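Colleague: Could you take me through this model step by step? I would like to begin with how far it can be trusted.

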Amino acid sequence: MNRKESLIDLLIHDLTGPLSIASTSINSLIKKQDKYGPVTGRQGTTLNMALRNINKARTFLNEIIEVYRSEEGLFRKEFCSIQDLLRDALIEAMELIDPDVTEKLSGADGYDKFSQLLEDNGVTIDITGKYNTSSFCHDRTKIQQILRNLITNALKYRQKKVAVTISGDTELIIAIENDGSGISQEKQDVIFNRFSHLKDKEENDMKGLGFGLSCVKTIIETMNGNITLSSSEGRGTCFTIRIPSL
């Protein structure tokens with residue numbers, strides 16, 4: 001077994017297990033109070049915070065695994081609804097930014113209500129072309145990972161707005177744009193480097209960006225797609241990706 005295989009084995013077997021046990025245990029304390037005893041308001045808040053961070057760790061772990069799967073050319077060929085994929089990715093991204101909004105989105109009844117809740121929180125979506133009604137054939141998990149990362153970054157760095165536009169009649173075209181402070185050319189040259197990260201408008205570190213974008217670029221390129229960045233200081237940022245179907 002080479003070093004990469006050893007690392008993947010470690011990630012899958014030695015880390016996913018403990019995280020799952022911790023998640024299940026906390027869920028039991030919250031949801032089975034008749035068995036484990038009552039939970040006070042402060043305790044519930046702390047437990048929910050711990051659970052959210054465990055889920056973040058699991059998401060990050062799964063992303064690393066998907067990168068290695070991509071590099072090995074391992075893809076799941078499946079037909080998926082882009083609208084459903086986008087909904088799931090938006091909920092996951094918003095969970096990292098504003099859990100209260102996430103709860104409302106998760107309970108939204110129908111696409112129109114979901115879209116309206118997003119608009120109320122500064123996020124617009126527009127799906128046109130073939131994949132508005134037809135399924136797209138590729139690896140659902142990888143597409144959702146790409147969407148989640150790019151939407152999360154757009155939400156982190158926005159002033160007020162994020163726009164997600166999906167189009168295409170052969171390849172899938174996704175553009176994710178915000179109205180943030182933009183990225184200088186110097187930083188654009190290194191933004192896809194692993195473990196690089198930017199600073200927000202108040203010059204505070206926004207950890208988590210660097211590895212996420214390097215993951216996105218790696219996965220897209222192994223899918224025979226590409227990602228481009230359009231940005232300038234003070235004028236927001238737009239990432240555009242193109243992915244051919246399998």
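Modeller: This is a predicted model, and the protein chain has an average pLDDT of 84, with 87% of the residues scoring at least 70.

Colleague: Where does pLDDT stay under 50?

Modeller: That happens over residues 200-210, and the model has 24 contacts beyond four places in sequence for this stretch.

Colleague: How many helices and strands are there in the protein chain?

Modeller: The protein chain contains nine helices and seven strands. Of its 246 residues, 42% are buried.

Colleague: And what about its exposed surface?

Modeller: About 13,500 Å² of the protein chain is exposed, and 48% of this comes from carbon and sulfur atoms. As for contacts between residues at least 6 apart in sequence, 67% of them join residues at least 24 apart.

Colleague: Let us turn to the sheet. What is the order of its five strands?

Modeller: The order is 2-4-5-7-6, in an open sheet with mixed pairing. Strand 2 (123-127) and strand 6 (226-231) are at the edges; each has a single partner strand, so one side of each has no neighbour in the sheet. From one strand to the next, the twist averages 10°.

Colleague: Does anything pack on that sheet, and if so, what?

Modeller: Helix 4 does, touching strand 2, strand 4 and strand 5. The direction of helix 4 makes about 165° with that of strand 2.

Colleague: What holds strands together in general?

Modeller: Strands of a sheet pair through backbone hydrogen bonds, in either a parallel or an antiparallel way.

Colleague: Which way do strand 4 and strand 5 run, parallel or antiparallel?

Modeller: Strand 4 (residues 162-167) and strand 5 run antiparallel and are joined by six bridges. They form a hairpin with four residues between them, and Gly168 in the turn has a positive phi of about 115°. Across this pair, Ile166 stands opposite Ile174 in strand 5.

Colleague: What does strand 5 have on its other pairing, with strand 7?

Modeller: Seven bridges link strand 5 to strand 7 (residues 237-243), and these two also run antiparallel. Ile174 stands opposite Ile241 in strand 7, and Glu177 stands opposite Cys238 in strand 7.

Colleague: Why is strand 5 described as largely enclosed?

Modeller: Six of the seven residues of strand 5 (residues 172-178) are buried, so the rest of the structure largely encloses this strand.

Colleague: Back to helix 4. At what angle do helix 4 and helix 6 pack?

Modeller: Helix 4 (residues 82-97) and helix 6 (residues 111-120) pack at about 35°, and their axes are 12 Å apart. Their crossing is left-handed. Helix 4 makes the contact with Gln83, Arg87, Leu90, Ile91 and Met94, while helix 6 uses Tyr111, Phe114 and Leu118.

Colleague: One last residue: is His138 buried or exposed?

Modeller: His138 counts as buried because its relative accessibility is 1%, and the cut-off for buried is under 20%. His138 is found in strand 3 (residues 136-138).

Colleague: Which residues does His138 touch?

Modeller: Leaving aside residues up to four places away in sequence, His138 touches Phe75, Arg76, Lys77, Glu78, Ile143, Met223, Ile243, Pro244, Ser245 and Leu246.

Key: Residues are numbered from 1 along each chain as its sequence is written. This is a predicted model: local features need pLDDT of at least 70, side-chain atom pairs count only at pLDDT 80 or more; totals for chains, interfaces and linings use all residues. Side-chain values use heavy atoms; hydrogens and water are left out. Buried means under 20% relative accessible area, exposed over 50%, partly exposed in between (1.4 Å probe, protein chains only). Contact means heavy atoms within 4.5 Å. Accessible areas come from the Shrake-Rupley method with a 1.4 Å probe; for residues, only the protein chains shown count as cover. pLDDT is the predictor's confidence in each residue, from 0 to 100. Two strands pair if DSSP finds at least two bridges between them. Axes are lines fitted to C-alpha atoms, for helices over the stretch in contact, and angles run from 0 to 180 degrees between N-to-C directions. A crossing is left-handed if the near helix is turned anticlockwise from the far one by less than a right angle, and right-handed if clockwise.
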